[in-house]
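Please work through the exercises below with the structure at hand. Each task is followed by its solution.

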Amino acid sequence: MKLGRLNHIGIATPSLEASLAYYRDVMGAAIVHEPFDLPAQGVKVCFVDTPGENGTHGTQIELIEPLGENSPIHGFIAKNPAGGQHHMCYEVPDIHAAKAWFEKLGKRVLGEPRIGAHGTPIFFVHPRDMNGVLTEIMETLKEAH
Ligand SMILES: CC[C@@H](C(=O)O)C(=O)SCCNC(=O)CCNC(=O)[C@H](O)C(C)(C)COP(=O)(O)OP(=O)(O)OC[C@H]1O[C@@H](n2cnc3c(N)ncnc32)[C@H](O)[C@@H]1OP(=O)(O)O
Ligand SMILES: [Co+2]
């Protein structure tokens with residue numbers, strides 16, 4: 001597998017509202033996206049864009065707040081009540097080929113590929129197998145022509 005673009009950095013937060021105020025007032029970010037619920041992933045999400053090339057956005061900050069009783073980030077927020085850096089997400093051209101690659105290396109893929117916040121398939125690889133970093137793999141969005 002070849003390392004792809006860093007699509008987003010996931011930041012867990014107990015309050016999306018407070019985190020958005022921080023990125024706007026302290027970091028000078030223009031907040032252009034609305035928060036939305038992703039019940040299938042147990043999180044409420046809002047993206048913050050960083051600047052990219054030619055007026056596009058670059059790597060995004062993905063703010064995630066627990067949603068529902070079984071949120072996968074409940075444990076993280078319990079250990080880190082103020083929130084913090086939670087995962088890093090890299091793009092790949094083919095999600096199934098990427099999953100096979102990590103599994104062949106003996107890495108623990110957490111569940112089957114499912115649709116993530118960008119509408120393309122994602123999966124996670126256990127942080128203890130990835131140098132301490134919870135790693136999200138995301139299939140690159142194929143633009144409509
Ligand atoms: C918005 C949708 C989507 C997208 O499209 O982008 C998302 O990003 S959703 C994001 C939230 N979803 C997930 O995180 C799903 C995958 N995560 C999991 O399955 C679990 O969180 C986990 C990684 C298996 C951890 O489970 P948990 O029960 O919270 O923790 P444990 O206590 O069992 O932890 C085991 C071990 O791992 C360390 N750990 C836990 N979380 C992290 C982390 N975010 N980064 C680094 N390390 C982490 C934890 O400290 C334990 O370490 P040891 O004690 O040394 O074993
Ligand atoms: Co993510």
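The exercises concern the surroundings of a ligand in a predicted model.

Residues are numbered from 1 along each chain as its sequence is written, and chains are lettered from A and ligands numbered from 1 in the order in which they are written. Local features of this predicted model need pLDDT of at least 70, side-chain atom pairs count only at pLDDT 80 or more, totals for chains, interfaces and linings use all residues, and side-chain values use heavy atoms, with hydrogens and water left out.

**Exercise 1.** Determine how many residues surround ligand 1 and how they divide by class.

*Solution.* Step 1: the shell holds 25 residues, each with a heavy atom within 4 Å of the ligand. Step 2: the closest are Glu62, His86, Ala117, Arg128 and Glu136. Step 3: by class, 13 are nonpolar, 7 polar and 5 charged.

**Exercise 2.** Identify atoms of histidine 8, lysine 79 and histidine 86 that lie 3.1 Å or 2.9 Å from ligand 1.

*Solution.* Step 1: histidine 8 places a polar side-chain atom 3.1 Å from a ligand oxygen atom. Step 2: a polar side-chain atom of lysine 79 also lies 3.1 Å from an oxygen atom of ligand 1. Step 3: for histidine 86, a backbone N or O atom is 2.9 Å from a nitrogen atom of ligand 1.

Definitions and conventions:
Polar contact = N/O pair within 3.5 Å; in protein donor to acceptor, adjacent residues only side chain to side chain. Nonpolar A, V, L, I, M, F, W, Y, C, P; charged D, E, K, R; others polar.
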